[in-house]
Amino acid sequence: MENQIPPRIANILINSLKGGVVPRVGLEYITVGRAKEIAAVLHDIDMISDGGASFRFIVGKYGSGKSFLLQTVRNYAAAMGFAVADADLSPERRFAGTKGQGAATYRELIANLSTKSKPDGGALPLILEKWISGIQTEVKAVTGSEGEAFEREVEKRIFEVAGSLEGMINGFEFAKAVASYLKAYREDDAELKSRVLKWFRGEYATRSEAKAELNINFIVNDETWYDFLKVFAVFLVGAGYKGLLVLIDEMVNIYKIPNSVTRQNNYEKLLMMYNDALQGKARHIGFLAGATPQCVEDRYRGLFSYEALRSRLDKGRFSGEEYTDISAPVIRLQMLTREEMYVLTEKLRDIHARLYQYTPFLTHEDLLVFLTEEYNRPGADTHITPREMIRDFIELADILYQNPGKTVRDILGCGEFIHAKGGIGDEEISDEFAEFEL
């Protein structure tokens, strides 16, 4: 598979991974392990498409692969016909706030709204226009009508979908905005389209401004953004998508909030979202939240400092190091096995060769030497992460490509590879990799 990878994707993968960043494309070329975790989340996605809702936390330390898993699931969901929105939390983007932090999270989610045909975000206009044109095509096929009769039937179908939203919180205003977009679409009114999109993106600062420009006496704010997102999910299903998957990363930024009251307000909002999903109050929407163990389990500042969350998310009596419940609300990522890391380095070797157009020269033994050296670092068993090892391996491949006369042992033994400690002799390949011996 690696031999067929387009050079553009190979370039994105190598540069992103070397910089410690999760690439948004090409993940299928380097996905290793995590089969159980992905299967559990894909089961959730099936439930979302059937009208349910879900909320999961993906927990792992920095560099363990939680952001990678989130992006992998993002790509899977988009390919399956879902709309996907993602956002990283920050001091300016939270679940709750008094200075627009909640609305800022919503705006980031909508800005990153993606579909299979629009994978890089900004899919809102495409979704609305695809929905309208889809209904036009359906009406044409069923009725064969034209002119005013055709327009009336299209409008009727569109208002049926919009009308189904009116029973939801903020659904009436959402339906009015949809109707306004239909009017702008039919009349090719670019100004009105722009105003409606501005409203959907949560960019109106005051209700009076939205009332004056659209005759809609509602805006997305810190209090309403989550309820509005639920309406959006139901609308997306009416527009032909299977649901909405929301990915929220960098939960550690809630943990870092210094003010305890503000922190607890965010946990309270999070609890409400979690309860909604599990109690059936939300439909066709799923949440995946990426967090570190500390920001979940710290009893003083983490999620577990909020007792209602701790009682819901803490492990049961029978889960432990040996047995983990992959269907629990919290999926705790284990380290990739050494066998999985070997497979990953093979993939990276071939992608690197594809990028720079050379025949892979790193041998099976070279990979074993590299991995043994990495795992021999002090504290590697508990502290080394896939991110570090990937970055080290790409650096090694770069150096060897730029210095054709050098070998892996030359680089690891001369101190240029500053993270590696100690040397490896010809007879010192770790027994941990014995099963890979040719």
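Helices here are DSSP runs of H or I with at least four residues, and strands are E runs of at least two, numbered from the N terminus. With that settled, here are some exercises on this predicted model.

**Exercise 1. Get an overview of the chain: work out how many helices and strands there are, and what share of the residues is buried.**

Solution. Start with the secondary structure: the protein chain has 19 helices and five strands. Next, take burial, where the cut-off is under 20% relative accessible area. Of the 438 residues, 51% count as buried. Then look at the surface: it comes to about 20200 Å², and carbon and sulfur atoms account for 49% of that. Finally, check the contacts. Among those between residues at least 6 apart in sequence, 70% join residues at least 24 apart.

**Exercise 2. Decide where the model's confidence is highest and where it is lowest among the helices and strands.**

Solution. First the overall picture: the mean pLDDT is 81, with 86% of residues at 70 or more. Now go element by element. Helix α4 (residues 101-111) comes out highest, at a mean of 94, while helix α17 (residues 380-383) is lowest, at 60. One more stretch deserves a look: residues 418-430 have pLDDT below 50, yet beyond near neighbours in sequence this stretch has 25 contacts in the model. How much should you make of those? Where pLDDT is low, the predicted coordinates should not be read in detail.

**Exercise 3. Classify two aromatic pairs, Phe55 with Phe57 and Trp131 with Phe235.**

Solution. The structure holds 21 aromatic pairs, so there's plenty to choose from. You need two values, since a pair of aromatic rings is described by the distance of the centres and the angle of the planes.

- Phe55 and Phe57: the centres are 5.2 Å apart and the planes sit at 35°, so call this pair tilted. Both residues are buried.
- Trp131 and Phe235: the centres are 5.0 Å apart and the planes are at 75°; angles over 60 count as edge-to-face, so this pair is edge-to-face. Both Trp131 and Phe235 are buried.

Now place the second pair in the fold. Trp131 sits in helix α5 (residues 124-143) and Phe235 in helix α10 (residues 225-238), so their pairing ties together parts 104 residues apart in sequence. Last step: zoom out. Trp131 and Phe235 belong to one aromatic cluster, whose members also include Tyr106, Phe174 and Trp199.

**Exercise 4. Two non-glycine residues, Asp188 and His284, have positive phi. Find where each one lies, and say whether each is buried or exposed.**

Solution. Background first: most residues other than glycine have a negative phi. Asp188 has phi near 55° and lies in the loop between α7 (171-187) and α8 (190-200). With a relative accessible area of 63%, Asp188 is exposed. His284 has phi of about 60° and is found in the loop between α12 (260-279) and β4 (285-291). Its relative accessible area is 11%, so His284 is buried.

**Exercise 5. Contrast the surroundings of Thr72 and Tyr401.**

Solution. Thr72 is in helix α3 (residues 66-79). Its relative accessible area of 6% makes Thr72 buried. Skipping neighbours within four places in sequence, Thr72 is in contact with Leu27, Thr31 and Ile38. Tyr401, by contrast, is in helix α18 (residues 386-402), and at 34% relative accessible area it is partly exposed. Together with Tyr356 and Phe361, Tyr401 makes a nonpolar surface patch of about 260 Å².

Technical notes. Residues are numbered from 1 along each chain as its sequence is written. This is a predicted model: local features need pLDDT of at least 70, side-chain atom pairs count only at pLDDT 80 or more; totals for chains, interfaces and linings use all residues. Side-chain values use heavy atoms; hydrogens and water are left out. pLDDT is the predictor's confidence in each residue, from 0 to 100. Contact means heavy atoms within 4.5 Å. Patches are made of residues with over 30% relative accessible area and no salt bridge: like charges are joined within 9 Å, nonpolar side chains (Val, Leu, Ile, Met, Phe, Trp, Tyr) within 5 Å. Accessible areas come from the Shrake-Rupley method with a 1.4 Å probe; for residues, only the protein chains shown count as cover. A salt bridge is a side-chain nitrogen of Lys or Arg within 4 Å of a carboxyl oxygen of Asp or Glu. Buried means under 20% relative accessible area, exposed over 50%, partly exposed in between (1.4 Å probe, protein chains only). Rings of Phe, Tyr and Trp (its six-membered ring) pair if their centres lie within 6.5 Å; planes under 30 degrees apart count as stacked, over 60 as edge-to-face and the rest as tilted.
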